[in-house]
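Take a walk through this two-chain model with the coordinates open beside you. Keep the view free to rotate as you read.

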Amino acid sequence: MRRVLSVMAVAAIVLGLAVAGWAAESTLEKINRTGVFTVGTRTASPPFGYINKQNEWVGFSVDLAKLVHKNIEKKLNKSIKFELKESTPATRIPLLSSGAVDLIAGTMTDTRPRRDSVDFSLTFFVTGAQFLVKEGSPIRGIQDITGKRVASQQGSTNERALRERGVQAQLVVFPDQAAGFTALVQGRVDTYTNDGIQLWGLKYKAPNPNEWKVVGDFYTYEPYGMAMRKNDSDFRAVVNNALMEALEDGEYFKIYENWFGPKSDTPYPLSDSVKSFLMYQVVPK
Amino acid sequence: MPLTAFLGIQYDFQWSVLWTGGHGEWLIQGILTTLRLSALSWLFASFLGILAGALRTVPFRPLRALAVLYVEFFRNVPLLVWLFFWYFGAPQMLPRVAQDWLNVHGPEFWSAVVGLSVYHGARMSEVIRAGIQSIPRTLLEACVATGLSVGQAYRLIIIPVALRLIIPPATNESLNLLKNSSLALTIGVAELTFMSRQIETYTAKAFEALTAGTLIYLVLCLGISATMAQVERHFRIPGLIARVGRAEH
């Protein structure tokens with residue numbers, strides 16, 4: 001019995017040291033060791049991260065993540081594989097904490113409570129929450145949803161905002177955007193709430209865009225940022241430098257034009273105030 | 001905690017997230033919804049199961065065929081697919097008026113009830129059929145010889161005996177039903193697993209939130225198993241191989 005206990009004690013110490021060694025690794029060290037940079041993004045949130053008609057996984061956030069990837073390769077001075085993984089509002093923070101992904105680049109809003117669990121990059125997009133309704137619906141904004149059935153995604157800031165305001169609407173919460181939007185299409189709910197730009201994406205990707213409209217003033221402020229594990233300043237610097245360079249040399253605006261320009265599927269012009277805000281984030285070299 | 005730090009676990013345990021901030025009420029709401037969903041589905045599934053199980057053994061071909069069709073159709077498709085069908089697919093077949101009425105009377109909950117009942121009814125029917133088929137034919141012949149019709153024989157003698165025989169697998173199926181109720185979160189039902197994940201998304205304390213869900217399901221299922229063990233002891237048929245508890249001699 002004593003021998004069994006002592007063997008178990010040695011095993012526990014060895015395991016503890018091994019775990020401790022692993023747990024202290026930074027993101028750049030992990031990417032260097034494995035040779036893979038994994039990014040979590042959406043699969044049904046056009047135009048940020050979605051599967052297009054040619055069955056390719058594309059999006060505005062995906063393109064920005066590729067810029068970060070190039071910067072990582074420059075920093076580590078070797079070729080790194082770029083991998084995408086699906087993440088939803090409910091799963092993205094656990095995916096980061098468990099190490100399954102290194103960066104979340106999708107539609108994640110930078111908020112103070114979330115900063116307790118993850119670190120955020122610079123803001124790369126600004127929007128706010130609105131409502132998507134069928135053409136002809138009487139709902140014009142947050143003031144009209146009392147008593148109505150509102151679909152949202154579990155884990156999103158919109159669902160939390162409606163709850164915190166004590167809105168007397170019936171919230172139906174789905175695990176992802178696809179289920180929520182289908183419920184709206186079938187009339188199972190009266191409206192679907194999400195960040196305005198994502199609703200525009202859904203509208204334009206629908207078979208008949210004229211059937212849908214995005215209504216209401218922004219009832220939340222949603223600055224999108226890329227999320228990464230906490231206390232990892234080196235990696236955060238790499239991500240932020242990639243974004244700052246893209247803003248400086250115009251690459252960001254080219255990508256923006258591609259996804260949100262007048263010729264794109266979801267035209268969404270960049271207002272002057274938002275453009276200034278984005279440029280002011282670029283600190284001097 | 002020093003032990004977790006020693007093992008290299010860099011996680012800040014905060015068990016209080018389970019009851020502060022209204023999260024305790026969420027968990028209780030989740031438990032109540034799970035129990036309501038499971039209880040209702042269990043009642044309908046048992047009814048469907050007994051009906052289909054019995055129909056598969058009657059000496060009348062068309063009824064047997066109907067039961068086979070029901071069982072094979074519904075148990076051979078994953079439950080998740082059925083839930084999506086009953087929530088997103090089936091109501092589209094109803095007239096607009098019926099759909100509008102349904103939309104204001106909790107379509108998520110009732111679609112989940114229908115989905116679970118029909119699927120588990122098909123599975124229960126196989127269990128009940130096994131019980132009925134383990135009864136010697138002589139019992140049915142004796143019933144008919146005393147003047148009962150086949151239907152009466154089934155209702156008054158065969159099925160009650162079969163139910164006493166199949167308590168172990170029936171308990172298994174019932175526990176499966178309780179656990180499968182967690183799939184209802186994919187169609188928007190705010191049951192226990194949904195609430196555990198809700199706490200996790202609000203506080204980012206995944207370990208605490210999911211442990212709470214795990215332990216609650218464990219307690220519920222163990223409670224049901226313990227109760228069914230007592231029921232089995234009480235209703236065992238003397239003279240069969242079944243040995244529950246101490247030997248009689």
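The paragraphs below go from chain B to the chain contact, then through chain A and the nonpolar cores.

This is a predicted model, so read every value as computed from it. Start with chain B. Its secondary structure is helical: 11 helices and 0 strands. From the N terminus, the elements run α-α-α-α-α-α-α-α-α-α-α. Now look at the outline. Along its principal axes, the C-alpha trace of chain B spans about 75 × 65 × 25 Å. The radius of gyration of chain B is 23 Å, whereas a compact globule of 249 residues would have one near 18 Å. Of those 249 residues, 35% count as buried. Next, consider how the chain folds back on itself. Take the contacts in chain B between residues at least 6 apart in sequence: 76% of them join residues at least 24 apart.

Turn to the place where the two chains meet. The contact draws 21 residues from chain A and 19 residues from chain B. On the side of chain A that touches chain B, four elements give two or more residues: α1 (2-23), α4 (92-97), β10 (170-174) and α6 (177-185). Which of them gives the most? It is α1(A), with 4 residues. By class, this side of chain A divides into 12 nonpolar, 7 polar and 2 charged residues.

Now move into chain A itself. It is divided into domain 1 (28-126 + 224-271) and domain 2 (129-215). Domain 1 is thus given as two segments of the chain. The C-alpha centres of the two domains lie 25 Å apart. Their contact takes 13 residues from domain 1 and 16 residues from domain 2. The side of domain 1 that touches domain 2 has 6 nonpolar, 6 polar and 1 charged residues.

Chain A also holds an open sheet of 3 strands, in the order β2-β3-β4, with antiparallel pairing. The edge strands are β2 (44-45) and β4 (57-58), and each pairs on one side only. Strands of a sheet pair through backbone hydrogen bonds, either parallel or antiparallel. Here, 2 bridges join β2(A) to β3 (residues 49-51) of chain A, and these strands run antiparallel. To find the pairing on screen, pick A:A44, which stands opposite A:Y50 in β3(A).

Finish with the cores. The largest nonpolar core has 70 residues. Those with the most contacts inside it come from chains A and B: A:L132, A:A151, B:L83, B:A112, B:A184 and B:V189. What does B:L83 touch, leaving aside residues up to four places away in sequence? Its partners are B:S111, B:A112, B:G115, B:L183, B:A184, B:T186 and B:I187. Two of these names, B:A112 and B:A184, also appear among the core residues with the most contacts. A second, separate core has 37 residues, including A:F60, A:V62, A:A65 and A:M108.

One last residue is worth selecting: A:L202, in helix α7 (residues 196-205) of chain A. Why does A:L202 count as buried? It does so because 25 other C-beta atoms lie within 10 Å, and the cut-off for buried is 20 or more. Beyond residues up to four places away in sequence, A:L202 touches A:L132 and A:F181. A:F181 is 21 residues from A:L202 along the chain, yet their C-alpha atoms are separated by 8.1 Å. The other partner, A:L132, is one of the residues with the most contacts inside the largest core.

Technical notes: Residues are numbered from 1 along each chain as its sequence is written. Chains are lettered from A and ligands numbered from 1 in the order in which they are written. This is a predicted model: local features need pLDDT of at least 70, side-chain atom pairs count only at pLDDT 80 or more; totals for chains, interfaces and linings use all residues. The radius of gyration is taken over C-alpha atoms; the globule rule is 2.2 Å times the number of residues to the power 0.38. A residue is buried if 20 or more other C-beta atoms lie within 10 Å of its own, exposed if 12 or fewer, and partly exposed in between; C-beta atoms are placed from the backbone. Two residues are in contact if their C-beta atoms, placed from the backbone, lie within 7 Å. Ala, Val, Leu, Ile, Met, Phe, Trp, Tyr, Cys and Pro count as nonpolar, Asp, Glu, Lys and Arg as charged, and the others, Gly among them, as polar. Two strands pair if DSSP finds at least two bridges between them. Domain bounds come from an automatic or database domain assignment. A nonpolar core is a set of buried Ala, Val, Leu, Ile, Met, Phe, Trp, Tyr and Cys residues joined through C-beta atoms within 7 Å.
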